[in-house]
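Student: Could you take me through one part of this chain closely, and then set that part against the chain as a whole?

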Amino acid sequence: MLDFSRILLLYVYISLCMSGFTLNSGLNRSLLSIITMISWMRVVSYVRIYNQTRYMIRIIIEIFKDMISFLLILAVTSTAFALIFYIAKNDKNDSFTVELIQMYRLDYGDFVDYEGFL
């Protein structure tokens with residue numbers, strides 16, 4: 001799957017560059033970044049050939065699998081607390097998106113700009 005997507009995205013990128021598509025240079029950079037990431041993921045999978053690195057690559061894969069459930073729980077609880085703060089503050093000037101961004105910042109320890117909730 002990685003090989004197919006890498007080759008397909010590379011052909012899309014080359015055809016966009018050759019056709020002179022410069023509508024958004026950010027699109028070209030984003031596409032090239034994705035291609036590079038997929039290529040390096042493929043290189044990491046080749047490293048599994050060696051006995052010394054096979055175990056480490058397996059650990060990394062298991063960590064990513066476990067992170068998915070943790071990030072899902074974090075997203076649900078962050079959204080719930082953002083909704084609680086939005087209702088409790090009862091400020092008509094702020095939108096729910098502002099509270100969601102504030103909760104995201106609080107999740108990562110940014111307590112500086114948050115002057116209090118009550």
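Tutor: What follows is a close look at one helix and its surroundings. The model is a predicted one, in which local features need pLDDT of at least 70 and side-chain atom pairs count only at pLDDT 80 or more, while totals for chains, interfaces and linings use all residues. Residues are numbered from 1 along each chain as its sequence is written, and side-chain values use heavy atoms, with hydrogens and water left out.

The chain has four helices and zero strands, where helices are DSSP runs of H or I with at least four residues and strands are runs of E with at least two, numbered from the N terminus. Helix H3 covers residues 51-89 and holds Met56, a residue that joins Tyr55, Ile59, Ile60, Ile63, Phe64, Met67, Phe70 and Leu71 in a nonpolar surface patch of about 900 Å². Such a patch takes nonpolar side chains (Val, Leu, Ile, Met, Phe, Trp, Tyr) joined within 5 Å, from residues with over 30% relative accessible area and no salt bridge, that is, no side-chain nitrogen of Lys or Arg within 4 Å of a carboxyl oxygen of Asp or Glu; areas come from the Shrake-Rupley method with a 1.4 Å probe, and for residues only the protein chains shown count as cover.

Ser78 also lies in helix H3, and Ser78 counts as buried because its relative accessibility is 10%, buried meaning under 20% relative accessible area. Leaving aside residues up to four places away in sequence, Ser78 touches Leu100, Met103 and Asp107, a contact being heavy atoms within 4.5 Å.

For the chain of 118 residues, 14% count as buried, and the accessible surface comes to about 9500 Å², 70% of which belongs to carbon and sulfur atoms.

Methods:
Patches are made of residues with over 30% relative accessible area and no salt bridge: like charges are joined within 9 Å, nonpolar side chains (Val, Leu, Ile, Met, Phe, Trp, Tyr) within 5 Å. Buried means under 20% relative accessible area, exposed over 50%, partly exposed in between (1.4 Å probe, protein chains only).
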